[in-house]
Amino acid sequence: MLNITVSAYNRPAYLRVTLNALAECDGIKDCRVVVLLDPCEETLEQANTAAYYGFEPMSMTRHCGCNTTIQAAIQYGFDHMGSEFHVHLEDDTVPCRDALRWFAWARDAYRNEPAVMNVSGYQRISNGRLAECGLRRWFTPWGWGVWKDRWLGLTAGWSTSPSVSWDVIVNHVLRAGRYEVFPTVSRIQNIGAERGTHVPSAEWHLANHRVPVTADDLEGEAVTEWTTTRIDDAADHA
């Protein structure tokens, strides 16, 4: 169904929550998951957590930082996992139960649309219905998927400098006016309130990153396909 990587550094409690949710996702038994760890004191603990859930742990040979580890994880998907479309999560991006169905549907629906760069699972304000999605001129890093042909352009210009976050370059330079497709009800919850590079406080995280309502909070029939209902010039969580 899907190939998925999860990158993690030094937040084993977050990784446990994310992998537990991923293990409960619809369709996970048909997916391959590799957890790529940036080495730290908690690496062995996190590798054991990945193995506990039946996922494949791997480790960088040395501490590389977020930018390089995420690039390496996605590149591994295309080079070694056989991905034509690859999904990447970070240790604090918790997928909803139907997140993999969303990614698989959007993968197929927009495969031949070069104006769409990527698929996002995250929507800060869930202001639609469960089976609605939209397009926005933005890039969101919290649970996303990308096709191989579009990845080639992203990785060629990827920033590994620790002075700038990789997603800023993707959004403002490499995206080049293209869209991402997103569910109007989020399929990802961001839980990274502590020890995040760009999160100054738990209060800031609650106001800016945590999703008030996700698909897991709403009742309704299982969604198997989505309808594109809107096109936005930017994201409402920018």
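**Figure 1. Strands S7 and S11 run parallel, joined by five bridges.** The model shown is predicted: local features need pLDDT of at least 70, side-chain atom pairs count only at pLDDT 80 or more, and totals for chains, interfaces and linings use all residues. Residues are numbered from 1 along each chain as its sequence is written; side-chain values use heavy atoms, with hydrogens and water left out. Strands (E, at least two residues) and helices (H or I, at least four) are DSSP runs, numbered from the N terminus. Two strands pair if DSSP finds at least two bridges between them. Look for Gly134, which faces Arg230 of S11. S7 spans residues 132-136, and four of its five residues are buried (under 20% relative accessible area, 1.4 Å probe, protein chains only). S7 also pairs with strand S9, residues 179-183. Here the two strands run antiparallel, with four bridges between them. One bridge partner pair to find is Cys133 with Pro183 of S9.

**Figure 2. Glu132 is a residue of strand S7.** Glu132 has a relative accessible area of 21%, so Glu132 is partly exposed (between the buried limit and 50%; exposed is over 50%). Which residues touch Glu132, leaving aside its neighbours within four places in sequence? They are Pro183, Thr184, Trp226, Thr227 and Thr229 (contact means heavy atoms within 4.5 Å). Take Thr229 as a case: along the chain, Glu132 and Thr229 are 97 residues apart. In space, their C-alpha atoms are separated by 6.2 Å.

**Figure 3. Nine strands make an open sheet with mixed pairing.** The strand order is S3-S2-S1-S4-S8-S6-S9-S7-S11. Which strands stand at the edges? They are S3 (56-59) and S11 (227-232). Each has a single partner strand, so one side of each lacks a neighbour in the sheet. From one strand to the next, the twist averages 25 degrees. Strands of a sheet pair through backbone hydrogen bonds, either parallel or antiparallel.

**Figure 4. Strands S1 and S2 run parallel, with six bridges between them.** S1 covers residues 3-8, and S2 covers residues 32-37. Two pairs can be picked out. Asn3 has Arg32 of S2 as its bridge partner. Ser7 stands opposite Leu36 of S2. S2 is mostly covered, with five of its six residues buried.

**Figure 5. Helix H1 lies across strands S1, S2 and S4.** H1 holds residues 12-23, and S4 holds residues 85-90. H1 runs at about 165 degrees to S1 (axes are lines fitted to C-alpha atoms, for helices over the stretch in contact; angles run from 0 to 180 degrees between N-to-C directions). Asn20 sits in this helix. At 36% relative accessibility, Asn20 counts as partly exposed. Asn20 and Ala47 are 27 residues apart along the chain, and their C-alpha atoms are separated by 14 Å.

**Figure 6. Helices H1 and H2 pack at an angle of about 10 degrees.** H2 spans residues 43-52, and the two axes lie 10 Å apart. H1 and H2 are therefore roughly parallel (an angle under 35 degrees). Which residues make the contact? H1 gives Pro12, Leu15, Arg16 and Leu19; H2 gives Glu45, Gln46, Thr49 and Ala50. By class, four are nonpolar, two polar and two charged. Ala, Val, Leu, Ile, Met, Phe, Trp, Tyr, Cys and Pro count as nonpolar, Asp, Glu, Lys and Arg as charged, and the others, Gly among them, as polar.

**Figure 7. The whole structure has zero disulfides.** A disulfide is a pair of cysteine sulfur atoms within 2.5 Å. For Cys25, the closest cysteine sulfur is in Cys96, 8.0 Å away and too far for a bond. Cys25 is buried, at 4% relative accessibility. Cys64 is in no disulfide either. Its nearest cysteine sulfur, in Cys66, is 11 Å away.

**Figure 8. Two loop residues, Gly192 and Ala176, complete the set.** Gly192 lies in the loop between strand S10 (188-190) and helix H7 (202-208). Is Gly192 buried or exposed? Gly192 is buried, with a relative accessible area of 1%. Gly192 and Asp91 are 101 residues apart along the chain, with 8.2 Å between their C-alpha atoms. Ala176 is in the loop between helix H6 (166-174) and S9. Ala176 is exposed, with a relative accessible area of 64%. Its phi is positive, about 55 degrees, although Ala176 is not a glycine.

How values were computed
Parallel < 35°, antiparallel > 145°, perpendicular 65-115°, else oblique.
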